Amino acid sequence: QWGYEDHNGPDVWQDLFPLANGDRQSPINIITKDALYDPSLQPLLVDYDPHSAKVISNSGHTVAVEFDDGDDSSVVRGGPLMGNYRLRQLHFHWGPSDGHGSEHKVDGVDYAAELHIVHWNSEKFSSFVKAACAPDGLAVLGVFLKVGEPNRYIEKITDTFGAIRSKGKQSPFTNFDPSCLLPASMDFWTYPGSLTVPPLLESVVWTVLKDPISISCEQLAMFRSLLSTKETAGIESCCMTTNHRPVQPLKNRKVRASFL
Ligand SMILES: NS(=O)(=O)c1ccc(NC(=O)NCCO)cc1
Ligand SMILES: [Zn+2]
């Protein structure tokens, strides 16, 4: 099973997932001076219903909040997107220390962690799985997390960790609006990319917000205390200390900026 260790990590994903060496892989290093300001980009608009939140789960690779995507009550639109994209799940990526852990970089700089809010194109497709196979099927909103003040909304997430410590555990999680995890500015970079975990499908319109939100080092440590192993594993349980993919070649892609 794929993971983030030497024997099953990003450097060997290509053995089982050939898209790993594709032409539009994510994440990337965003070189700000090469980003093209595009005045035709509309503002990114999120409209989330807190009642869409259903469960929080430990997948063994990350912690994810899953939303009811049976209707368009929680969507993102605008920005580079054509039409509504329906909210499906949000999850995080982090590293073994506060110095790195984000997936995207900005001018070579890592943040401590990165939030991904995952949506699928409900105007063109009838399900996430179908959308995930199309070049414009998914829209993932990336938000950088910078070590600083504790984040009261991240606290709502870390408060559940006792109940989802090991892989496969999940717990009810509702009345949560992911907008609370967005920075003040909705300025973003956008580029065509992929899932950053296997199967690495090249179906994501990425929008990465310029400004980070805060997370405290204690809150970060709680993410690392989650287990990547099932409870039954008993003695050989191990912590989820890192789950970020290295940056991938830009190849023939342009990054556009929504701001000057
Ligand atoms: N890291 S990432 O590129 O944002 C990403 C997004 C969705 C997935 N997969 C997914 O959402 N599967 C459906 C379960 O909700 C995997 C990786
Ligand atoms: Zn992700």
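These questions and answers look at a zinc site and a cavity in a predicted model. Local features need pLDDT of at least 70 and side-chain atom pairs count only at pLDDT 80 or more, while totals for chains, interfaces and linings use all residues. Residues are numbered from 1 along each chain as its sequence is written, and ligands are numbered from 1 in the order in which they are written.

User: Which residues are the protein donors of the zinc ion (ligand 2)?
Analyst: Donors are N, O and S atoms within 2.8 Å of the metal (3.2 Å for Na, K and Ca), and since water is not among the atoms, sites may look incomplete. Lying 2.0 Å from the zinc ion (ligand 2), the protein donors are His 91 (NE2), His 93 (NE2) and His 116 (ND1).

User: What arrangement do the 4 donor atoms around the zinc ion (ligand 2) make?
Analyst: Four donors count as tetrahedral if all angles lie between 85 and 135 degrees. Because the 4 donor atoms around the zinc ion (ligand 2) subtend angles of 99 to 116°, the arrangement is tetrahedral.

User: Is His 116 buried or exposed?
Analyst: Buried means under 20% relative accessible area, exposed over 50%, and partly exposed in between (1.4 Å probe, protein chains only). With a relative accessible area of 1%, His 116 is therefore buried.

User: How many residues of the lining of the largest cavity are nonpolar?
Analyst: Ala, Val, Leu, Ile, Met, Phe, Trp, Tyr, Cys and Pro count as nonpolar, Asp, Glu, Lys and Arg as charged, and the others, Gly among them, as polar. In this lining 2 residues are polar and no residues are charged, and the nonpolar ones number 7.

How values were computed
Side-chain values use heavy atoms; hydrogens and water are left out. Four donors count as tetrahedral if all angles lie between 85 and 135 degrees; four count as square planar and six as octahedral if opposite donors are over 155 degrees apart and all others between 65 and 115; anything else is irregular.
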